[in-house]
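Trainee: Please pick one part of this model and go through it closely. I would like to see how the part connects to what lies around it.

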Amino acid sequence: MTPKAGTLYGIGVGPGDPDLITLKALRVLERVPHIFASCSTKNNYSLALNIVRSHLNGAGLEHLPFPMTRDAQVLEEAWDRNARRVLEVLATGSDAAFVTLGDPLTYSTYGYLLKTLKRLQPEVRVITIPGITSYNAAAALTHIPLTEGEESFYLVSGAMGAARLREVIDTADNIVMLKTYRHFDDIYQALEELNLLDRATCISLCGLKGETVVEDLRHLKGKRLPYLSMIIIKKKGRGY
Ligand SMILES: C[S@@+](CC[C@H](N)C(=O)[O-])C[C@H]1O[C@@H](n2cnc3c(N)ncnc32)[C@H](O)[C@@H]1O
């Protein structure tokens, strides 16, 4: 008799501090026999896995390699391969977890994995457990309210430089820009042009070794940011 397929738990483990894992996530992580985490094809490193490591009870750990490319076909092949591997484990009857940094449905490989799983096997059982996002943790660290009253709040990506920032700046009251590290020069220039340097705060490695908060972005001019960096911009100022 074929075993009843297991359930996949898509788990957000928070942005770095292992104490920022939810109780719900913890309970699943303590009991699932198999844990997946994505890693780059260049190395076997997963920060999400490192964050949860101290909470595990001997689960099997497996990296799912995702290439760092924008080539849609290469990416699709990788998601397909990885989703098939997850389905293979679930088909044995074992539950499994896929851990991701922050929240699993916010700029995360989990979204792609989920779509591919559903396409390959629409009846697959998946439970998603939300996680504390990097910008929620950064707001708490800096005591910066993300949005108040009738204000708007935009979450944008800096992966293409300042383009998204320029798109939303006229209507946004508050902006959080993630993925700022690769094109920080361009983002800095845009903030300067838009007179926002005094209204922006840069938070790097929140909750992790090397955590930094820079309130005067001029100190960062020409510098390289760590991969885990974001900028919180409050158009009306920080309020203090
Ligand atoms: C692929 S996105 C992942 C976002 C994540 N799913 C979340 O909920 O926050 C990666 C970006 O998130 C931000 N990030 C994630 N963790 C961070 C941390 N501990 N400190 C600062 N920024 C972080 C950085 O902007 C980084 O480039």
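Mentor: Start at N195, which sits in the loop between α7 (184-193) and β8. The model is predicted, and what follows describes that model. The backbone at N195 has a positive phi of about 60°, although N195 is not a glycine. Most residues other than glycine have a negative phi. As for its surroundings, N195 has 9 C-beta neighbours inside 10 Å; the cut-off for exposed is 12 or fewer, so N195 counts as exposed.

On the helix side of this loop, Q189 belongs to α7. Q189 has 14 other C-beta atoms within 10 Å, which makes it partly exposed. Q189 also gives a sense of distance: its C-alpha atom is separated by 42 Å from that of I35, and the two residues are 154 apart along the chain.

On the strand side of the loop is β8 (200-204), and this strand leads to the ligand. The shell around the ligand has 23 residues, and those that come nearest are G102, T133, S134, L178 and C206. Two elements, β8 and β10 (229-234), each give two or more residues to that shell. Sorted by class, the shell contains 11 nonpolar, 10 polar and two charged residues. Domain 1 (7-129) and domain 2 (134-234) each supply at least three of the shell residues.

L178, one of the residues that come nearest the ligand, directs attention to β7 (residues 174-178). Five of the five residues of this strand are buried, so β7 is largely enclosed by the rest of the structure. The burial covers both faces: N174, V176 and L178 are buried on one side, and I175 and M177 on the other.

The pairing of β7 can be taken one partner at a time. With β6 (residues 153-157), β7 runs parallel, and five bridges join the two. Within that pair, L178 is the bridge partner of S157. The route from β6 to β7 passes through helix α6 (residues 163-168), and this β-α-β crossover is right-handed. With β10, β7 pairs in the antiparallel sense over four bridges. There, N174 of β7 stands opposite K234. β10 thus appears twice in this account: as a partner of β7 and as a contributor to the shell around the ligand.

A second loop residue can be set beside N195. Y107 is not a glycine, yet its phi is positive, at about 45°. Y107 is located in the loop between β4 (96-100) and α4 (109-120). Y107 has 17 C-beta neighbours inside 10 Å and counts as partly exposed, whereas N195 counts as exposed.

Finally, the frame in which these pieces sit. The chain comprises seven helices and 10 strands. Its radius of gyration is 19 Å, close to the 18 Å that the globule rule gives for 240 residues, so the chain is as compact as a globular protein of that length. Along the principal axes, the C-alpha atoms fill a box of roughly 65 × 35 × 35 Å. Of the 240 residues in the chain, 37% are buried.

Technical notes
Residues are numbered from 1 along each chain as its sequence is written. This is a predicted model: local features need pLDDT of at least 70, side-chain atom pairs count only at pLDDT 80 or more; totals for chains, interfaces and linings use all residues. A residue is near a molecule or strand if its C-beta atom, placed from the backbone, lies within 6 Å of it. Ala, Val, Leu, Ile, Met, Phe, Trp, Tyr, Cys and Pro count as nonpolar, Asp, Glu, Lys and Arg as charged, and the others, Gly among them, as polar. Domain bounds come from an automatic or database domain assignment. A residue is buried if 20 or more other C-beta atoms lie within 10 Å of its own, exposed if 12 or fewer, and partly exposed in between; C-beta atoms are placed from the backbone. Two strands pair if DSSP finds at least two bridges between them. A crossover is right-handed if, with the strands pointing away from the viewer, the path from the first strand over the helix to the second runs clockwise. The radius of gyration is taken over C-alpha atoms; the globule rule is 2.2 Å times the number of residues to the power 0.38.
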